[in-house]
Amino acid sequence: MATDAGRGDALFLAVGAAAGAFVRAIDALELEVLPALLIERVLTEVLAEGVANPGHAAEAGGLRAIYTPSALWAPAPRLVWWSFVGPGEKVANTTWSRAEQAVLAAAGVELESAPEAAVRISGGYADAVLRVGEQALFVRPALSGAAETVAHPLEHQLHLMIEQAGKLVRWRAERLLAEPAAQLAQRVLPRAAVDIMDAPAPRARWRVPAAGLARLANRRESATTLGRLLNCQLSWFAQDVLRLRAGRFAEIPEANQLFGNLAHEIVNGLLPPGPPPAVADIRSRAVELFEKLLPRMAAPLQQPEFAGELAAARERVPAALEALVQILHARGLEVVGSELDREGEVGGLALQGRLDLLVRQGAMPAVIDLKWTSSARRYREEIAEGRAVQLAVYGAIAEPGTAATGAYYLLRQRRLFAPRGSLLAEEDIEAVRGLDETLHEVIDDVALWRSQLDGGNLLATGMGEAADHRPSELMFEAPKEPCRFCDLTGLCRVGVEAL
Ligand code: SF4
């Protein structure tokens, strides 16, 4: 409020009021130390409905919206007074002390008294009505939240004038539901029956129109799109071929994503192509870069609710980088590059991807994919079960003509996972198939799914009877919970009982 310095910036004051509510809540807690989570909860309460911008009124069509009746300064043919409910505009309390008022009066400054303000406000109501040339519609809801509304002060004034007219001017909105052709404000509002239709039934098999198939021309798959295809053909087709996406507000990525982005950028900055940097000062350089990048790339992580995670990441990210550089030295690996865009074609399948880190031991290339995750098991199992599609794809496109091996480097845990026998292998992980074999099985499965699609059929894996329609030759097993992370549950209606 002090910063506003009497300028009366309505939005600034609204934010100030929310901040005031927050301070009052914190005062009421009377705690010496406030846990971050508690502060977060108080903030959530205070901002539950957000802070509306008082200077911004939503408008649509040919309407001009104003907030206060006295803002109507010119004649208007029609007036719709929405939310015509009491108690009306309040007279603001004076912020001047008596002594200040005396000083101002002595200097010839006359402040508006409360009775004068009341006259001005009610005059504004009457003025607004008097400027209307044709129609005025006052809309009063029966309830405001759970409470009954009270009459607007102007309604009391109008009452004497319109009492005689009775039903001619008072109109209950329920009539819209009861009358086949209600007449309101010189318009007829007809009521008509609407056919009730059954919602489409969920089904495992979908037919694809020819126009949809045309979208397959010149397709290039990435590890992400292949992962989606192996999980559910319908989800892949809708999201990756037709590019259907769930609508989202612009949102800040979640904490893990931000930590991951930060760690990737630090690796990118400190591992230039060539021999790995010296181990001696890599940690301090990583700490320095972390602090420099944090406010630029991941400012939300500086919020109090992430204090614990941020403190841990400040320790873990530089330590992870140090451990990675030690591995590079120990294995005689040289950095080829980081964040590299690569494309390639294997077995007729066009592929693309962005490699986090490409290294080389002599003539042998290897891809290291960085992960900021709490689930080390998931990546270990992927490799052991021969499902590491990402490593298989990256290995195939890393260097033309050479198949590169690959590994996941888990930054939080400082663990490197690669199949046994790989030049990056650190822990003993026996894979049921190598990355090369995984890639060829991916290619074969893609071809099978493609032949289904050429026949115009798509399969929604999450449907109960989908198993009956899966090609029996597929190498990748049906996923256990295909719909868990899918955005299309509403579209394909999985989980809706068939009628
Ligand atoms: S919700 Fe399940 S069945 Fe439907 S498209 Fe997604 S993964 Fe496939």
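Q: How many disulfides does a search of the whole structure find?
A: Happy to start with the sulfurs of this predicted model. A pair of cysteine sulfur atoms would have to lie within 2.5 Å to count. Searching the whole structure for such disulfides gives a total of zero.

Q: Is Cys 232 buried or exposed?
A: The cut-off to keep in mind is that buried means under 20% relative accessible area. Cys 232 has a relative accessible area of 10%, so this residue is buried.

Q: In which loop does Glu 399 lie, and is Glu 399 buried or exposed?
A: Glu 399 sits in the loop between helix H14 (389-397) and strand S11 (405-410). Setting aside residues up to four places away in sequence, Glu 399 touches Val 336, Arg 342, Leu 358, Arg 360 and Pro 365. Its relative accessibility is 15%, and therefore Glu 399 counts as buried.

Q: Which helix gives the most to the largest nonpolar core?
A: Let's look at the core itself before its helices. It has 51 residues, and those touching the most other members include Leu 226, Phe 237 and Val 393. With seven residues, the helix that gives the most to this core is H15 (residues 435-454).

Q: Are H14 and H15 roughly parallel or roughly perpendicular to each other?
A: Two packed helices are described by the angle between their axes and the distance between the axes. Here the axes of H14 and H15 come within 8 Å and cross at roughly 95 degrees. Angles of 65 to 115 degrees fall in one class, so H14 and H15 are roughly perpendicular.

Q: How many charged residues does the contact of H14 with H15 have?
A: On the H14 side, the contact is made by Val 389, Leu 391, Ala 392, Val 393 and Ala 396. H15 brings Leu 435, Thr 438, Leu 439 and Val 442. By class, the contact has eight nonpolar residues and one polar residue, and the number of charged residues is zero.

Q: Which residues are joined by a cis peptide bond with omega of about 5 degrees?
A: A good place to look is the loop between strand S1 (76-81) and helix H3 (98-106), where Pro 87 is found. The cis bond, with omega about 5 degrees, joins Gly 86 and Pro 87.

Q: What is phi of Glu 339, roughly?
A: Glu 339 lies in strand S8 (residues 334-346). At 25% relative accessibility, Glu 339 counts as partly exposed. Glu 339 is a residue other than glycine, yet its phi is positive, near 50 degrees.

Key
Residues are numbered from 1 along each chain as its sequence is written. This is a predicted model: local features need pLDDT of at least 70, side-chain atom pairs count only at pLDDT 80 or more; totals for chains, interfaces and linings use all residues. Side-chain values use heavy atoms; hydrogens and water are left out. Buried means under 20% relative accessible area, exposed over 50%, partly exposed in between (1.4 Å probe, protein chains only). Helices (H or I, at least four residues) and strands (E, at least two) are DSSP runs, numbered from the N terminus. Contact means heavy atoms within 4.5 Å. A nonpolar core is a set of buried Ala, Val, Leu, Ile, Met, Phe, Trp, Tyr and Cys residues joined through side-chain atoms within 4.5 Å. Axes are lines fitted to C-alpha atoms, for helices over the stretch in contact, and angles run from 0 to 180 degrees between N-to-C directions. Angles under 35 degrees count as roughly parallel, over 145 as roughly antiparallel, 65 to 115 as roughly perpendicular and the rest as oblique. Ala, Val, Leu, Ile, Met, Phe, Trp, Tyr, Cys and Pro count as nonpolar, Asp, Glu, Lys and Arg as charged, and the others, Gly among them, as polar.
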